[in-house]
Amino acid sequence: MVTPCTAVRWPVRLACLSIIVGAILIGACDAERNGNVGVERIQVWAHAGREAERRTLEHQIALFEARHPTVAVELTFIPEGSYNGQVQAAALAGQLPDLLELDGPYMAAYAWRGWLAPLSDRLPPDLLADLLPSLIDQGTWRGTLYALGPFDSGLGLWADRRTLDAVGARIPGHPSEAWSLEEFEALLERLAARDPGQPVLDLKLNYGDEWFTYAFSPLLQSAGAGLVAANAEGAAGVLDGPASVAVLERVQRWFARGWVDPNLDDAAFRLGRVPLAWGGHWNAPAYRDALGEDLLLLPLPRAGSRSVSGQGSWQWAISSRARDPDRAAELLAFLLAPDQVLAISAANGAVPARLSAIDRSADYGEDGPLRLFVAQLRDGYTQPRPKTPAYPVISETFARAFRDIRHGADVGATLTRAAQRIDREMAANRHYPHTHLDDRAGAAASALGNEQEPG
């Protein structure tokens with residue numbers, strides 16, 4: 001039984017708690033009135049993404065119910081902008097659903113607070129072996145797998161072949177052949193010389209805060225730096241270290257030289273104002289329509305020895321309060337079946353989660369135009385955003401720092417302030433010890449407070 005979400009205007013914070021609890025109680029009363037004795041119910045929460053995604057998920061749930069006549073799935077779509085706040089409110093009230101979606105970088109915060117159940121022992125080994133390694137990496141925290149998605153994201157450079165040919169640019173065909181940052185800047189300079197005073201690069205400055213972390217922290221990682229230390233214990237000396245400062249000083253020069261289009265209309269590349277665009281898999285349809293055979297997909301430039309790209313998207317997790325976690329896992333396994341993975345990938349354009357599904361994909365298969373995204377995710381050219389309960393604060397802080405740097409702020413000082421803020425957040429939560437205490441919920445609330453737009 002698929003039930004649409006009617007709460008499209010629910011507030012983000014705890015004020016929504018009574019509505020969530022009320023909806024659950026109403027559902028229980030309806031079940032009693034309908035007399036559906038013997039029907040097993042699975043509550044599922046999903047983010048209200050594109051219409052095509054919603055319709056696909058509704059169809060998949062209907063297929064699962066048809067194969068399991070004694071199971072009724074109660075599917076609720078929650079607006080993306082308030083999703084995290086509503087999950088937080090429900091969790092604090094002990095009213096989480098059986099199966100829920102979550103944006104990948106939030107997984108560690110949910111797991112630390114005890115809201116998620118481990119997955120490894122509940123899913124078939126052959127399914128796990130067929131998944132992109134990036135998905136296993138994204139869904140694992142402190143050695144335990146908590147979340148898996150039916151797709152992953154792709155990030156790279158979109159380019160106009162005609163313009164690159166006109167300036168004699170080398171065309172990298174694989175992440176191992178990515179331009180160095182020096183080569184990339186030399187190319188930007190040649191492109192700018194063709195049409196003085198005009199921008200040549202779109203960095204999607206019109207996107208939300210989460211974009212800046214997703215899109216540009218890979219440059220820091222490529223330089224051997226990052227947002228926090230590899231053990232996620234702190235940002236000082238890493239986010240504001242020499243490598244990070246050097247990379248973002250380069251990026252700041254791109255703005256100072258007028259190379260970056262502000263992209264206020266979200267059409268800089270599509271309308272031909274610039275020949276290069278930093279972007280993701282979701283840009284492919286519009287860019288294909290605009291450029292046709294002249295559209296190129298290239299790896300991001302490398303600031304160090306290898307190119308690094310972003311990864312991660314929405315994932316499924318089983319609640320630690322699931323009434324029947326095995327049945328919830330059965331539904332999750334169904335949603336991760338190759339046919340279902342291909343269906344949701346067709347709906348949203350993302351990279352299919354399973355290698356066997358990728359082989360059948362026109363876009364991502366062996367000769368597909370988006371194959372580069374697969375190579376990045378499969379061959380180790382991506383890194384997840386920091387897997388720590390402090391991630392929401394890290395992301396918001398880095399986005400703020402990036403905006404300041406764009407407008408000319410001193411890079412070193414700006415990054416030092418950002419690192420200090422992140423480290424204060426971690427210290428306030430004692431660096432997130434393995435055993436979470438419920439009475440720490442208030443201190444941890446800041447790490448989950450403001451919903452971020454997914455990358």
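**Exercise 1.** Find which residues Phe-184 is in contact with, leaving aside its neighbours within four places in sequence.

*Solution.* Start with the ground rules: this is a predicted model, where local features need pLDDT of at least 70 and side-chain atom pairs count only at pLDDT 80 or more, while totals for chains, interfaces and linings use all residues. Residues are numbered from 1 along each chain as its sequence is written, and side-chain values use heavy atoms, with hydrogens and water left out.

Next, look for contacts (heavy atoms within 4.5 Å). You should end up with Leu-157, Trp-179, Leu-201, Trp-254, Leu-276, Trp-278 and Pro-301.

**Exercise 2.** Work out how the rings of Phe-184 and Phe-216 are each placed against the ring of Trp-278.

*Solution.* A pair of aromatic rings is described by the distance of the centres and the angle of the planes. Here, rings of Phe, Tyr and Trp (its six-membered ring) pair if their centres lie within 6.5 Å; planes under 30 degrees apart are stacked, over 60 edge-to-face, and the rest tilted. That rule gives 23 aromatic pairs.

Step one: Phe-184 and Trp-278 have ring centres 6.3 Å apart and planes at 70°, so call this pair edge-to-face. Phe-184 sits in helix α8 (residues 181–194) and Trp-278 in strand β10 (residues 276–280), so the pair ties together parts 94 residues apart in sequence. Helices (H or I, at least four residues) and strands (E, at least two) are DSSP runs, numbered from the N terminus.

Step two: for Phe-216 and Trp-278, the centres are 5.4 Å apart and the planes are at 45°, so that pair is tilted. Phe-216 belongs to helix α9 and Trp-278 to strand β10, so this pair links parts 62 residues apart in sequence.

Step three: check burial (buried is under 20% relative accessible area, exposed over 50%, partly exposed in between, with a 1.4 Å probe and protein chains only). Phe-184 is buried, Phe-216 is buried at 1%, and Trp-278 is buried at 0%.

**Exercise 3.** Name the residues that touch the most other members of the largest nonpolar core, and the helix that gives this core its largest share.

*Solution.* A nonpolar core is a set of buried Ala, Val, Leu, Ile, Met, Phe, Trp, Tyr and Cys residues joined through side-chain atoms within 4.5 Å. The largest one has 83 residues, and the winners are Leu-116, Leu-164, Phe-184, Leu-239, Trp-254 and Trp-278. Helix α9 (residues 209–222) gives the largest share, seven residues. Apart from this core lies another of 54 residues, including Ala-46 and Leu-128.
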